[in-house]
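Student: I am new to this structure. Please take one part and go through it closely, then show how it sits in the rest.

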Amino acid sequence: MTDANGAAGELLAPESPIDTDASPPTKRVVRAVELLSRHPAERLSLARIVRATGMSRATAHAVLTQLTAEGWTVRDADGNYGLGLELVTVARRAEASFPLRRRALPALRELAAGHDVPVFLAEREADSILITEVVGDPSVPWIRAGRRLPKAPPLCREFIAWAPEPERRAWLDSAIPAHRERLAVVLDAIAERGYSVERLADDSRPMMDVLAALRNSPATDPLRQGLGALITDLITIDYLPDELGEHNAVVSIAAPITSAGGEVIASVVACPDTTLSKAGIHELAAATVAAAGTVAAGHLG
């Protein structure tokens, strides 16, 4: 999913203890359930849940006691917590809201197996993008079903390249001014070739790890904005055709899935996260575009 796959997305790291007891009660419940869902085969101690969510011990205990009473979590003889069976029922009902995920799975699996890369499906939902299916084992832990990403520059370019001019202009206007010209050229290139390619500036990965650690700490809005600006400085936004060489560091390749009306409703994202030749990029891109076309045809059919 463009930058969301490797760079800025790593700032959305899991298990970030950013909530406090002043947070809305609903958010505390969501944090607890999300944490347990990332460890479905484990039983987590109350102390571990407290550390990971930022809740106080008393608050975490109250939240988990209620969840256990409702069957959403279970508590074993040692006092550790895991997911409850009631969540299976909820999950099955929720799946009905994402029919594209079920139809896309065969094409995602074929793309992943045929090119030995992790693949995921990202669906548009209002003003954000939701990862609804992941095949394979991505190199970054935040790529998982249920992860929500902002539809903001420089992310989600494959959703914007074919958008109506007002939406495209609004997206560009929300970018850092120094990058707007580059982004406009990149959107034109994506629309012409049919896919986006994500890369990072040379030697930026260690800095991204540091920024991810900072993002996991409580931060003010100005600090978050400053981090966002720094991240964008480290990102080389997409490859333009004349920038491809024999050795290209590719984080991901994303191709759009369109509705009958031509709106981009989702994307198929292949995540090689390695160096590819120019021919290798074209080969994987063609397969990703084909997979997206198969999913679109099946959805419309």
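Tutor: Helix 3 packs through its buried residues against three elements: helix 2, helix 4 (57–69) and strand 2 (81–83). (Helices are DSSP runs of H or I with at least four residues and strands are E runs of at least two, numbered from the N terminus.) The model is predicted, so local features need pLDDT of at least 70 and side-chain atom pairs pLDDT 80 or more, while totals for chains, interfaces and linings use all residues. Residues are numbered from 1 along each chain as its sequence is written, and side-chain values use heavy atoms, without hydrogens or water.

The buried residues of helix 3 are Leu46, Ile49, Val50, Ala52 and Thr53 (buried is under 20% relative accessible area, with a 1.4 Å probe and protein chains only). After helix 3 comes Gly54, with a positive phi near 85°.

Now take one neighbour, helix 2. Helix 2 spans residues 25–37 and helix 3 spans residues 46–53; their axes come within 10 Å and cross at roughly 115° (axes are lines fitted to C-alpha atoms over the stretch in contact, with angles from 0 to 180 degrees between N-to-C directions). Helix 2 and helix 3 therefore lie roughly perpendicular to each other (65 to 115 degrees). Their crossing is right-handed (the near helix is turned clockwise from the far one by less than a right angle). On the helix 2 side the contact is made by Arg31, Ala32, Leu35 and Leu36, and on the helix 3 side by Ile49, Ala52 and Thr53 (contact means heavy atoms within 4.5 Å). By class, the residues of this contact are five nonpolar, one polar and one charged (Ala, Val, Leu, Ile, Met, Phe, Trp, Tyr, Cys and Pro are nonpolar, Asp, Glu, Lys and Arg charged, the others polar). Ile49, Ala52 and Thr53, which helix 3 brings to this contact, are also among its buried residues.

Another helix pair can be set beside this one. Helix 8 (residues 165–173) and helix 9 (residues 180–193) pack at an angle of about 145°, and their axes are 10 Å apart. The crossing of helix 8 and helix 9 is right-handed. Here Arg168, Trp171, Leu172 and Asp173 of helix 8 meet Arg180, Leu183, Ala184, Leu187 and Asp188 of helix 9. The contact of helix 8 with helix 9 holds five nonpolar and four charged residues, and no polar ones.

Finally, the whole protein. It has 12 helices and 10 strands. Of its 301 residues, 47% are buried. Among contacts between residues at least 6 apart in sequence, 63% join residues at least 24 apart.

Conventions: Angles under 35 degrees count as roughly parallel, over 145 as roughly antiparallel, 65 to 115 as roughly perpendicular and the rest as oblique. Buried means under 20% relative accessible area, exposed over 50%, partly exposed in between (1.4 Å probe, protein chains only).
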